[in-house]
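Trainee: Got a minute to go through a model with me? I'd like to start with the ligand.
Mentor: Sure, pull it up.
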Amino acid sequence: MTEKTFYRDSWANIHLNHIAFNIQQLKQRLSPDTNIYAVVKANAYGHGDIEVAKTALEAGAPRLAVAILDEAIRLRDAGITVPILVMGWIRPEDVWIAAERDITVTFFQKQWLEQVKKMDFSKPLTLHMKWDTGMGRIGIREEAELIEVLHNLNDDRFKLEGIFTHFATADEAEIAYYKEQQTRFNQLFACFQAHWTKPVILHTGNSAASMRFPEEMKHFVRFGISMYGLYPSKVAKAEEPIKLKPAMSLHSRLIHVKKVPAQTAISYGATYKTDKEEWIGTVPLGYADGIIRKLQGMDVLVNGQRMPIVGRVCMDQFMVKLDQSYPIGTLVTIIGSQSGNAIEMDEIADYLDTISYEVACTISARVPRLYRE
Ligand SMILES: *Cc1c(COP(=O)(O)O)cnc(C)c1O
């Protein structure tokens, strides 16, 4: 007998060829002068950082972006040598490892530069400057602040390579605020150019901006959610500026099937009681896997048909109301399609009153990812 990599009957399929397809679609939409940062933060939105990173690089995205330093180090440890940008804040005392591992870091504070200058590191530190043009999260907001920060870049170890900003509403139908952010970026850039002569690369757009306003994108875009085959919003989905193929599907199997009489309670709290005689199936996935308790009542696919989750979702299992008896081992699809019927991640996001980003990130590390080409 050979050992398997996992022994449970629940798994996520990750279609790496769909990730490559989605990158191709965006490339065709963008100007040839605009390149792609593949955003692989949060374990590639739950899809698997290293596998997705390698696929994205092969598919023609020359650089990677993550949220935190640890994510960049993981990619370096996996032997990935392309430029990696950490888009969030890092502690000044940690810059030595960023320099050591050739990881590009983001800055936007004078105080941060002052502290970093005192640190002991010798390799050059590649920097991207973040501008807050309206997101209100991190970044330089004012021209005076920008000028002060530029004066503090006087250290031979610093290499200012890029400047970026992030849009708050690029996925919405109303584009006035998005336009204001563009204007603010251009104003700050004019100020920057009056004080800095060396070339820099600029990147502003996320998935929404890059697919909806390709002609307004700069040297790079930061392509996250749509690389995984999901639209950033309903508006973007309806407009469909590019075709996308979802990369993740989630499956399990029935591990128990029983016929119960009317008035039988199912799961914790006995919140569900059968009306009449019913077939109930048990599925070995629960909230520890990311099937959160609020999914009670949501449909899953069994035998190509929709069947509802009944009773409370447990940590490791949930129950489903079946239309008839099915054999143990019958495929249950939570996200994805079965015989022509589909449950998209967006439908689950709607049910939970959230966005697909959150659903993808919530599928926990306990669910094995199977990589398909
Ligand atoms: C996550 C993130 C992105 C990617 O956004 P998507 O909407 O997933 O494309 C881009 N830029 C920054 C700064 C981010 O944090």
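Trainee: So which residues surround the ligand?
Mentor: This is a predicted model, so keep that in mind. The ligand has Lys41, Tyr45, Met87, Arg137, His166, Asn206, Ser207, Arg222, Gly224, Ile225 and Tyr357 around it.
Trainee: How does that shell divide into nonpolar, polar and charged residues?
Mentor: Four are nonpolar, four are polar and three are charged.
Trainee: Okay, polar contacts next. How far is Lys41 from an oxygen atom of the ligand?
Mentor: An N or O atom in the Lys41 side chain sits 2.7 Å from a ligand oxygen. Ser207 also uses its side chain, with a polar atom 2.5 Å from an oxygen of the ligand.
Trainee: And Gly224, what part of it is involved?
Mentor: The backbone: a polar atom there is 3.0 Å from a ligand oxygen.
Trainee: How much of the ligand's accessible area does the protein cover?
Mentor: On its own the ligand has 380 Å² of accessible area, and the protein covers 92% of that.
Trainee: What kind of space is the ligand taking up?
Mentor: A pocket, and the largest one.
Trainee: Switching to cavities: how many are there of 30 Å³ or more?
Mentor: One. The largest cavity holds about 30 Å³ of space.
Trainee: Which residues line it?
Mentor: The largest cavity is lined by Lys130, Trp131, Asp132, Thr133, Met135, Arg137, Ile138, Thr165 and His166. By class, that lining has three nonpolar, three polar and three charged residues. You've met Arg137 and His166 already, as they also belong to the ligand's surroundings.
Trainee: Last topic, domains. Where do they fall in the chain?
Mentor: The assignment puts domain 1 at 16-239 and domain 2 at 248-343.
Trainee: How far apart are their C-alpha centres?
Mentor: The centres of domain 1 and domain 2 are 41 Å apart.

Note on methods
Residues are numbered from 1 along each chain as its sequence is written. This is a predicted model: local features need pLDDT of at least 70, side-chain atom pairs count only at pLDDT 80 or more; totals for chains, interfaces and linings use all residues. Side-chain values use heavy atoms; hydrogens and water are left out. Domain bounds come from an automatic or database domain assignment. A residue is near a molecule or strand if one of its heavy atoms lies within 4 Å of it. A polar contact is a pair of N or O atoms within 3.5 Å; within protein, one must be able to donate a hydrogen and the other to accept it, and residues adjacent in sequence count only if both atoms are side-chain atoms. Accessible areas come from the Shrake-Rupley method with a 1.4 Å probe; for residues, only the protein chains shown count as cover. On a 1 Å grid over the protein atoms alone, a cavity is a set of points where a 1.4 Å probe fits but cannot get out, and a pocket is an open set with protein on both sides within 12 Å along at least five of seven lines; lining residues have an atom within 4 Å of a point. A molecule sits in a cavity or pocket if more than half of its atoms lie within 2 Å of its grid points. Ala, Val, Leu, Ile, Met, Phe, Trp, Tyr, Cys and Pro count as nonpolar, Asp, Glu, Lys and Arg as charged, and the others, Gly among them, as polar. Grid points are joined across faces, edges and corners, and a volume is the space filled by probe spheres set on the points.
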